[in-house]
Amino acid sequence: MSEAPQELHPAVKRVVADAAEKGVKAKIVHTEETTRSAEEAAKALSVSVGEIVKSLLFKGADSGQPYLLLVSGDNRVDEAKVAEALGEGLVRPNAAFVRDATGFAIGGVSPFGSTGEVSIYMDEDLFRFASVWAAAGTPNDVFEIVPLQLRSATRARLGPVK
């Protein structure tokens with residue numbers, strides 16, 4: 001684990017710029033190990049799985065709208081519960097939809113820097129931690145953030161997802 005190299009990947013640059021625009025100074029940490037899954041990220045960062053923010057994109061079954069769920073790494077999404085809160089069913093999209101909606105590949109989807117309009121919902125369980133780690137645009141780049149700051153900067157709706 002190290003500070004990010006001088007030359008950042010374009011997706012990481014987009015994350016940093018969007019975060020800064022929203023008042024967040026995202027200090028990027030680059031890992032040699034992949035952080036595609038919450039378990040891999042926790043291991044690479046030497047933190048608990050719960051401290052990892054899973055950025056999971058779903059598609060509204062009726063509207064086709066992208067919904068980004070920011071979920072504690074140790075939680076599984078209860079799709080029926082979330083669908084009830086949203087007022088429409090959820091569909092797990094393919095990789096092309098994720099990239100088209102966010103500009104990121106699966107494994108690097110970040111709460112900041114999406115290239116499209118995405119509605120964001122946040123797992124209230126993330127508030128168990130003083131800080132959490134989120135993807136920064138690639139499977140090897142992450143940043144640490146205080147949950148309240150994450151919610152405020154992304155304007156995420158808060159609610160249970162499990």
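Ser46 is exposed in this predicted model, with a relative accessible area of 68%. The residue is found in the loop between α2 and β3 and comes just after α2. Its phi is near 60°, a positive value in a residue other than glycine. Most residues other than glycine have a negative phi. Arg155 also has a positive phi, of about 55°, although it is not a glycine. This residue is found in the loop between α5 and β9 (157-159). Arg155 has a relative accessible area of 74%, and because exposed means over 50%, Arg155 counts as exposed.

A further loop residue is Gly87, found between α3 (79-86) and β5 (90-91). Its relative accessibility is 64%, so Gly87 counts as exposed. Between Gly87 and Gly60 there are 9.3 Å in space, C-alpha to C-alpha, and the two are 27 residues apart in sequence.

Helix α2, which precedes Ser46, spans residues 38-45. The buried residues of this helix are Ala38, Ala41, Ala42, Ala44 and Leu45. These residues lie on the same side of α2, because they cover an arc of only 165° around the axis. What covers the buried residues of α2 includes four strands, namely β2 (28-30), β3 (53-60), β7 (132-135) and β8 (141-145).

The interior was examined next. The largest nonpolar core has 30 residues. Those with the most contacts inside this core are Leu70, Phe112, Phe143 and Leu150. Two or more residues of the core come from each of α1 (10-21), β3, β4 (66-72), α4 (95-102), β6 (119-123), β7, β8 and α5 (147-154). The largest share, four residues, is given by α1. A second, separate core consists of 11 residues, among them Val77, Val82, Ala83 and Tyr121.

The surroundings of Phe143 can be described residue by residue. Leaving aside residues up to four places away in sequence, Phe143 touches Val15, Ala26, Lys27 and Ile28, among others. Its contacts also include Ser110, Pro111 and Phe112, as well as Val132, Trp133, Ala134, Ala135 and Ala136. Phe112 is thus listed both as a contact of Phe143 and among the residues with the most contacts inside the largest core.

Open space in the model was also analysed. Rolling a probe the size of a water molecule over the atoms shows where empty space is left. The largest pocket has a volume of about 640 Å³, and its lining is made up of 28 residues. Of these, Arg36, Lys54, Ser55, Leu56 and Ile106 lie nearest the centre of the pocket. The elements that give two or more residues to this lining are α2, β3 and β7. Strand β3 provides the largest share, six residues. By class, the lining of the largest pocket comprises 17 nonpolar, six polar and five charged residues.

The second largest pocket holds about 250 Å³ of space. Its lining has 13 residues, of which Asp18, Lys22, Gly116, Val118 and Ile120 lie nearest the centre. This lining divides into five nonpolar, four polar and four charged residues.

Strand β3 recurs in several of these descriptions. This strand is among the elements that cover the buried residues of α2, gives two or more residues to the largest nonpolar core, and supplies the largest share of the lining of the largest pocket. Strand β7 likewise helps to cover the buried residues of α2 and gives two or more residues to the largest core and to the lining of the largest pocket.

Note on methods
Residues are numbered from 1 along each chain as its sequence is written. This is a predicted model: local features need pLDDT of at least 70, side-chain atom pairs count only at pLDDT 80 or more; totals for chains, interfaces and linings use all residues. Side-chain values use heavy atoms; hydrogens and water are left out. Buried means under 20% relative accessible area, exposed over 50%, partly exposed in between (1.4 Å probe, protein chains only). The arc is that of the directions from the helix axis to the C-beta atoms. Contact means heavy atoms within 4.5 Å. On a 1 Å grid over the protein atoms alone, a cavity is a set of points where a 1.4 Å probe fits but cannot get out, and a pocket is an open set with protein on both sides within 12 Å along at least five of seven lines; lining residues have an atom within 4 Å of a point. Grid points are joined across faces, edges and corners, and a volume is the space filled by probe spheres set on the points. Ala, Val, Leu, Ile, Met, Phe, Trp, Tyr, Cys and Pro count as nonpolar, Asp, Glu, Lys and Arg as charged, and the others, Gly among them, as polar. A nonpolar core is a set of buried Ala, Val, Leu, Ile, Met, Phe, Trp, Tyr and Cys residues joined through side-chain atoms within 4.5 Å.
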